[in-house]
Structure formats: C-alpha cells, structure tokens
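Colleague: I should be grateful for a close look at a single part of this protein, with an account of the chain around it.

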Amino acid sequence: MITLYEHPLSPYAQKVKIALREKGVPFEVAMPEGIGAGSTGGAFAEAAPRREVPALIDGDVSLFDSTIILEYIEDKWPEPSLFPADPAARAKCRIIEDVMDTHFEAISWGLGELHHFKRGDEATRAKIEQNAARQIAAFMDWLSGQLGEADWFSGDAFGWGDLSVAPYLNGISGFGYTPEKGSALEAWLVRVNARDSVREAAGQARASITGMQAVSAAVEAGIFRRHYRDHRLEWMIRSGGMEIVRDGIERNTIRFTDHWDN
C-alpha cells in the first residue's frame, strides 16, 4: 500500500491524490506529526528532508516534490495517461502546472496569511488584498486563454493540466475569487468538480479549514511557525507585506528553509 504524507489544504498534495484516484491506484494518507512545529521525524522526515508535504512512500521508494511524485505515478501506472499524446500539448500542461505551483500558489498562500492568520494591520492587509485581486484577475484571463474552446486544459480528456489548476481555483474561491460568471473557465470549474477525484480532494480541504482558528492561535503562541520560502516570500514582499515578514521574524512566527533542515 502506498502511503501519501499530506495535508488536506495543500494544493500540492491534492494534485497527487487526484492523480492516484484517477488511475485507480490504492493509497493511504497520513498527516505528519508535528509538522510546522519543527518536530517532524520518522518515515516522513526521511522521505522529505525539507519537511514539506506531499511525500510518497511506495515500498522501498521514497519521494518528495509533487511534480516528481506525479511523474513517478505516470511512469509506473501509465494507463490511463494523464498527458495528451502531442509533445506540444504535453509541454503546455507542464507550463500550466509550473505557473500554478509557483506564481498562483504564492497568492493563495498570502491570502491565507491575511484571512486565516490576520497578518498585518488594516492598511497593509487592504493594500495586499488589492494587489492580489489584480493579479488573480490577470491569471484568470491567462487560464481562460490556455483553456480556449477545449473542455479540458489537457485537451480532449481530463489530465495533468486540469489537476494542476483545480486545487488552486477551488482554494482561492474560499477567499471570494471565482471565474467570471458565464465564462468558459467557470464552466470548466463546474465540470472538473463533478469528477469524484477532484470533489473528494476539495471536500477534504473544506473540512480542514474549520481547524485553522486553532492553528492561528498556535502561531500566535509560537508553537507553530508559518513556512515562508521562495515564491511565497517574494510575493509577500512585492505585494506590500514587508512589515508582515519583519514582524514574523521578530516574533519567530515564520520560518525559512533553504537547505536540509527543519
């Protein structure tokens, strides 16, 4: 049995769960103990040296990074394929995944800092929210262009491109951002959420949001630290949240991981 270490709110983990369910591969999920508190260990820590979900263990194989895990799944269980046959279309799916995993994820993460963890004062939050709204609108336009007149981002069938977008649009909708009414992108979101694999992952994510208030209190108490790195850190600073970063450093409520530590 495959073990997937995850958190329901992680879009990276959701991608993997969707892929496994689409291929009919049985797996069990586990949430790492002590994640975010600097006390993770065991098989998860061995599989994921940066202590980030998802991590997948398949017998003697231990993997981290959602894209690498997806590639492993596609290689080991090639049918049904998550990729279109055309090389250019396959490259397009990879581009969509990279954009969503880096640029778009940073916005979603930042909005979580504002809405769930109440970072910054009122003026700072308003400035960041304004920047986020403008950027989300631009990404929605870009996604609409990528979708075009097709039913799926992956072409004629659901696949890699679609599972790379769905967790992020579902997540951002919780902050009030949705595709334009009557648009092809809105119709796609309805269509993709009708799939069992996506609906299950989204439902688990929504259920876990109820626990965010307790996590927020743990952050304020210094028990749990938010993980800032790479695109998340850059986005927060460039969108007007430098004071949020400084405050988090001073109060030790944020952490940075740039090498193999906890």
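Modeller: Let us begin with the charges of this predicted model. The protein chain carries 28 positive and 39 negative charges, and the mean positions of these two groups lie 4 Å apart.

The residue chosen for the close look is N131. It is found in helix α5, which covers residues 122-147. Is N131 buried or exposed? Its relative accessibility is 16%, and a residue is called buried when this value is under 20%, so N131 counts as buried. The side chain of N131 also has a partner: a polar contact of 3.2 Å joins it to the side chain of R134.

The setting of this residue may now be described. Helix α5, the home of N131, belongs to a protein chain with 11 helices and 6 strands. Of the 262 residues in the chain, 48% are buried. The accessible surface of the chain comes to about 12400 Å², and carbon and sulfur atoms contribute 52% of that area.

The overall form of the chain can be considered next. Along its principal axes, the C-alpha trace spans about 50 × 45 × 30 Å. A compact globule of 262 residues would have a radius of gyration near 18 Å; the protein chain has 18 Å, and therefore agrees with that expectation. Finally, one may consider how the sequence is brought together. Among contacts in the chain with a separation of 6 or more, 70% are between residues 24 or more positions apart.

Technical notes:
Residues are numbered from 1 along each chain as its sequence is written. This is a predicted model: local features need pLDDT of at least 70, side-chain atom pairs count only at pLDDT 80 or more; totals for chains, interfaces and linings use all residues. Side-chain values use heavy atoms; hydrogens and water are left out. Helices (H or I, at least four residues) and strands (E, at least two) are DSSP runs, numbered from the N terminus. Buried means under 20% relative accessible area, exposed over 50%, partly exposed in between (1.4 Å probe, protein chains only). A polar contact is a pair of N or O atoms within 3.5 Å; within protein, one must be able to donate a hydrogen and the other to accept it, and residues adjacent in sequence count only if both atoms are side-chain atoms. The radius of gyration is taken over C-alpha atoms; the globule rule is 2.2 Å times the number of residues to the power 0.38. Contact means heavy atoms within 4.5 Å. Accessible areas come from the Shrake-Rupley method with a 1.4 Å probe; for residues, only the protein chains shown count as cover. Lys and Arg count as positive and Asp and Glu as negative; His and the chain ends are not counted. The place of a charge is taken as NZ of Lys, CZ of Arg, CG of Asp or CD of Glu.
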